[in-house]
Amino acid sequence: GGTLFQPYGLLGLIQNSNPNADRTRFPDPRPTFFEQECIAIEGSSSKEYHQIKSFCMNAPLRELTFSTESLIQDQSNAMQLFDLRKYGDFVDHYAVKVKSLSFDGSP
């Protein structure tokens, strides 16, 4: 638990810059990873480039998978995403509420 004013951990990837962010705080935004990257798919005569629309992190296997389609097959097992832009976040984060977070076995 906690309130808005308590410190929170943030782990995630950024989809887009927030066009409505306060430019006095963030005057020179840089492109995000997802705004810069795409997936190249070999066609019969050329490559086709597609925007990354979905990703999956598998921490135990240390894998990060990107996809041009949704990777969520069972919506009932998906985590609810929270939009942090209303708190002044400069970018569109994928954020989820967690009970605890551990790095290298330490909470």
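**Exercise 1. Serine 54 and its surroundings**

In this predicted model, the side chain of serine 54 reaches the backbone nitrogen of leucine 71 at 3.1 Å. Determine in which element serine 54 lies, whether serine 54 counts as buried or exposed, and which residues serine 54 is in contact with once its neighbours within four places in sequence are left aside.

*Solution.* Begin with the placement: serine 54 belongs to strand 4. Next, take the accessibility, which is 11% in relative terms, and compare this value with the cut-off for buried residues, which is under 20%; serine 54 therefore counts as buried. Finally, list the contacts, leaving aside the neighbours within four places in sequence: they are Thr65, Phe66, Ser67, Glu69, Ser70 and Leu71. Leu71 in this list is also the residue whose backbone nitrogen is reached by the serine 54 side chain, at 3.1 Å.

**Exercise 2. Two loop residues**

Locate isoleucine 52 and arginine 62 relative to the strands, and decide for isoleucine 52 and for arginine 62 whether the residue counts as buried or exposed.

*Solution.* Isoleucine 52 sits in the loop between strand 3 (47–51) and strand 4, and because its relative accessibility is 3%, isoleucine 52 counts as buried. In space, the C-alpha of isoleucine 52 is 7.3 Å from the C-alpha of glutamate 37, although 15 residues separate the two in sequence. Arginine 62, for its part, is located in the loop that runs between strand 4 (54–58) and strand 5 (63–67); its relative accessibility is 77%, so arginine 62 counts as exposed. As a last step, examine the backbone of arginine 62, where phi is positive, at about 55 degrees, although the residue is not a glycine. Most residues other than glycine have a negative phi.

**Exercise 3. The pairing of strands 2 and 3**

State in which sense strand 2 and strand 3 pair and over how many bridges, and identify what stands opposite glutamate 42 and opposite alanine 40.

*Solution.* Strand 2, which covers residues 38–42, pairs with strand 3 in the antiparallel sense, and the pairing extends over five bridges. The connection between strand 2 and strand 3 is a hairpin of four residues. Within the pair, lysine 47 of strand 3 is opposite glutamate 42, while tyrosine 49, also of strand 3, is opposite alanine 40.

**Exercise 4. The chain and its surface**

Give the order of elements along the chain, the share of buried residues, and the residues that make up the nonpolar surface patch of about 580 Å².

*Solution.* The chain holds one helix and six strands, and reading from the N terminus gives the order β-α-β-β-β-β-β. Of its 107 residues, 15% are buried, and the area exposed by the chain is about 9,100 Å², 52% of which is supplied by carbon and sulfur atoms. Among the contacts with a separation of 6 or more, 38% come from residues 24 or more positions apart. The patch is formed by Met79, Leu81, Val96, Val98, Leu101 and Phe103. Leucine 101, one of these residues, lies in the segment that follows strand 6 (91–93), and because its relative accessible area is 37%, leucine 101 is partly exposed.

Notes:
Residues are numbered from 1 along each chain as its sequence is written. This is a predicted model: local features need pLDDT of at least 70, side-chain atom pairs count only at pLDDT 80 or more; totals for chains, interfaces and linings use all residues. Side-chain values use heavy atoms; hydrogens and water are left out. Buried means under 20% relative accessible area, exposed over 50%, partly exposed in between (1.4 Å probe, protein chains only). A polar contact is a pair of N or O atoms within 3.5 Å; within protein, one must be able to donate a hydrogen and the other to accept it, and residues adjacent in sequence count only if both atoms are side-chain atoms. Contact means heavy atoms within 4.5 Å. Accessible areas come from the Shrake-Rupley method with a 1.4 Å probe; for residues, only the protein chains shown count as cover. Two strands pair if DSSP finds at least two bridges between them. Patches are made of residues with over 30% relative accessible area and no salt bridge: like charges are joined within 9 Å, nonpolar side chains (Val, Leu, Ile, Met, Phe, Trp, Tyr) within 5 Å. A salt bridge is a side-chain nitrogen of Lys or Arg within 4 Å of a carboxyl oxygen of Asp or Glu.
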